Amino acid sequence: MADKNKPQQEKRGGWLSRFAPGVRKIVNRRDTPENLWVKDPDTGEMLYRSDLETALWVTPGGRHMRINADQRLRYTFDDGQFEPIETPDVPEDPLKFSDGKPYKDRLSAARKAAGRKDTMAIGVGLVGGTETVVIVQDFTFMGGSLGMAAGEAFIAAARQAVARGLPLVCFTAAGGARMQEGALSLMQMARTTLAIQELKAAQLPFVVVLTDPTTGGVTASYAMLGDVHLAEPGALIGFAGPRVIEATIREKLPPGFQRAEYLQEKGMVDRVVARAELPETLGRILSMLMGGKRRAA
């Protein structure tokens, strides 16, 4: 007969109840990383992060997700190898601007989140076998906004290309000018344009790769001044956003308006290229523009 003096819990649990405390510790331990899964922005499906990384952050549906500057440089250069170029320092918060939060505090928060001092990153290395200077705009840093630091970085990259006799490739991603710097940010549109003229005077190619999104003052300056314009599939490219345009003209915009494929159809983009094919495509274009010059294998 069963012992009626035994606790009711042990009668229900049997021999497993003796191990319950240890089992609970194992089960409750959070060994799974919090960022193991990523939500597909189009379908809402949960995607395994390592699969996305292997696919260069392109979803099964073809959405080219935004990536940071470090990832972009690794994906672009042959074998992910390149020489990083330090970007110039500029005065911080020259206007002592505050929009409820001091601009200096916003800069500090952005630097902590993005892991860099501003939006631009520069590298030099082989792209499809052609030595190239590459500058990348990182949308994760204050929306890739064009300010004094970004302008100085672009000029530094252009001058590195001229000094080394190399082509310049620019990956754009921006919401526009950084208005916390007022007219000083807008001046970078003219300054970067002059830097491109230095490249042209040296007869060096300038290739632009438009990524999602490229808008505002960046589109109105160096993003549309390349010798060749490539774009990633589905990238939003324009000056004002579609909602602003619709509200202004009070008309419905055509399907796909301001997307890379639409701009290719209208002649503003030379070719829409998938992320995985960009290094090879860039290598072929740069080799041709440089007169077939390649580093010996």
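## A tour that starts at strand 8

Select strand 8, residues 228-231, and look at both of its faces: V228 and L230 on one side are buried, and so are H229 and A231 on the other. Buried here means under 20% relative accessible area, with a 1.4 Å probe and protein chains only. Strands are DSSP E runs of at least two residues, helices are H or I runs of at least four, and both are numbered from the N terminus.

You are looking at a predicted model, in which local features need pLDDT of at least 70 and side-chain atom pairs count only at pLDDT 80 or more, while totals for chains, interfaces and linings use all residues. Residues are numbered from 1 along each chain as its sequence is written, and side-chain values use heavy atoms, with hydrogens and water left out.

**Next stop: the neighbours of strand 8.** Add strand 7, residues 206-214, which pairs with strand 8 in the parallel sense over four bridges. Two strands pair if DSSP finds at least two bridges between them. Which residue of strand 8 is the bridge partner of V208? Pick H229 to see it. Now add strand 9, residues 271-272, which pairs with strand 8 in the parallel sense over two bridges. Here A231 has V272 as its bridge partner.

**Widen the view to the sheet.** Show seven strands in the order 3-4-5-6-7-8-9 and you have an open sheet with mixed pairing. Strand 3 (83-85) and strand 9 are at the edges; each has a single partner strand, so one side of each lacks a neighbour in the sheet.

**Now the helices.** Select helix 6, which lies across strands 3, 4, 5, 6 and 7 and runs at about 175° to strand 5 (130-137). Add helix 7, residues 183-201: its axis and that of helix 6 (residues 148-164) come within 9 Å and cross at roughly 5°. Axes are lines fitted to C-alpha atoms, for helices over the stretch in contact, with angles from 0 to 180 degrees between N-to-C directions. Helix 6 is therefore roughly parallel to helix 7, a term for angles under 35 degrees.

To see the contact (heavy atoms within 4.5 Å), show side chains including F154, I155 and R159 of helix 6 and Q188, R191 and I196 of helix 7.

**Zoom out to finish.** The whole protein has ten helices and nine strands, and 43% of its 297 residues count as buried. Among contacts between residues at least 6 apart in sequence, 66% join residues at least 24 apart.

Terms used
Buried means under 20% relative accessible area, exposed over 50%, partly exposed in between (1.4 Å probe, protein chains only). Angles under 35 degrees count as roughly parallel, over 145 as roughly antiparallel, 65 to 115 as roughly perpendicular and the rest as oblique.
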